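Me: Could you take me through the ligand site and a bit of the surface in this one? I'll ask, you answer.

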Amino acid sequence: MSIFRDDILAGRVALITGGGSGINLGIATALRAHGAKIALVSRSQERLDAAAGALSPGQVDARGFAADVRDTDALQAAIDQTVSAFGRIDVLVNGAAGNFLAPAAGLSPNAFRSVMDIDARGTFNASRLCFEHLAASRGVILNISATQAFMPTPLQAHPGAAKAAIDKLTQDLALEWAPMGIRVVGLAPGGVEGTEGMERLLPPELEEEMLAALPLRRFTTVDEVAQVAVFLVSDAAAYITGTTLVMDGASAMPLSGVLWRATRSAP
Ligand code: COA
Ligand code: NAP
């Protein structure tokens with residue numbers, strides 16, 4: 001179910017990195033439901049084919065092109081294949097990411113680099129390589145961030161640094177590319193239920209305590225994130241650029257968990 005009109009993205013083409021699963025696939029599904037043609041880009045062609053087939057029977061209006069966002073030759077090929085298949089690129093969603101819980105003191109230099117490379121460098125790579133297509137369409141880039149970018153989070157130094165870099169890119173690319181008609185926006189959800197990220201980051205024994213500390217007492221959902229993504233890439237957001245929208249139910253406000261726990265028995 002969506003509150004937006006069905007055809008608000010008709011005629012547009014969206015390339016979504018990391019689009020074969022989870023939140024990014026939810027965004028792909030919502031953009032498709034509003035008329036966009038979809039190119040999914042991540043490492044596993046098998047996973048992409050299954051996702052594209054589910055989005056569009058026979059893969060007529062959704063295709064998967066395998067590439068690692070760290071590999072610029074492969075990424076360029078995926079972008080070229082997208083343009084060959086659909087003729088243009090109007091929306092780029094940078095959603096590919098890697099994450100795991102690890103203390104900074106137990107993180108090898110290569111582990112830190114891997115996450116920086118996938119998240120931050122991958123976001124620059126796809127944005128840069130799509131630049132000419134987005135300038136031609138006066139398109140939009142949506143960068144998927146996370147609250148770790150601005151909220152110090154234990155065992156999350158690597159994605160924290162990577163997502164902070166992404167948020168800064170959102171600002172700088174927005175500034176430089178606004179004259180070409182390209183908007184650059186970010187979306188930073190809090191915990192999203194039923195996702196790989198939550199599976200990796202939230203040990204089940206901590207879930208109850210986490211929920212009790214959340215002001216809204218629940219995590220967000222893939223569908224809620226996808227609806228915000230539809231808004232941000234649509235013409236309704238035409239004057240929004242350089243902004244990362246935080247949708248975390250106020251959970252990352254300073255001391256929100258502590259204060260909520262302290263006051264939740266109050267009237
Ligand atoms: N704790 C500490 N270090 C870890 C780790 C963990 N749980 N998992 C991987 N690493 C380290 C590896 O040991 C390696 O470092 P080393 O060479 O010094 O030993 C480095 O990270 C790279 O690992 P590798 O498996 O070669 O990387 P990859 O590029 O194949 O995969 C990951 C990238 C590690 C991020 C992998 O988890 C992944 O593919 N994730 C995608 C899905 C995902 O994370 N989804 C959630 C998004 S929020
Ligand atoms: P997910 O399903 O694991 O999504 C990550 C995607 O990135 C996968 O489809 C993966 O596919 C792809 N990917 C990983 N490394 C890649 C690479 N090197 N090149 C190309 N693609 C790569 O996890 P998710 O939880 O839905 O997260 C999706 C996004 O939301 C991420 O940006 C994450 O940081 C963000 N986020 C998640 C949460 C949450 O609670 N889950 C909260 C805030 C923000 P392959 O492995 O097939 O390549």
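Reply: Sure. A polar contact here is a pair of N or O atoms within 3.5 Å; within protein, one must be able to donate a hydrogen and the other to accept it, and residues adjacent in sequence count only if both atoms are side-chain atoms. It's a predicted model, with local features needing pLDDT of at least 70, side-chain atom pairs counting only at pLDDT 80 or more, and totals for chains, interfaces and linings using all residues. Residues are numbered from 1 along each chain as its sequence is written, chains are lettered from A and ligands numbered from 1 in written order, and side-chain values use heavy atoms, leaving out hydrogens and water.

Me: How far is an oxygen atom of ligand 1 from an N or O atom in the side chain of Arg-70?
Reply: Asn-110 offers a side-chain N or O atom 2.9 Å from a ligand 1 oxygen. For Arg-70, the distance from its side-chain N or O atom to an oxygen of the ligand is 2.8 Å.

Me: Which element gives the largest share of the shell around ligand 1?
Reply: Helices are DSSP runs (H or I, at least four residues), numbered from the N terminus. With four residues, the largest share comes from helix 4.

Me: Is Val-258 buried, partly exposed or exposed?
Reply: Val-258 sits in helix 9, residues 256-263. Buried means under 20% relative accessible area and exposed over 50%, with partly exposed in between (1.4 Å probe, protein chains only). Val-258 has 48% relative accessibility, so the label is partly exposed.

How values were computed
Helix = DSSP H or I, 4+ residues; strand = E, 2+ residues; numbered from the N terminus.
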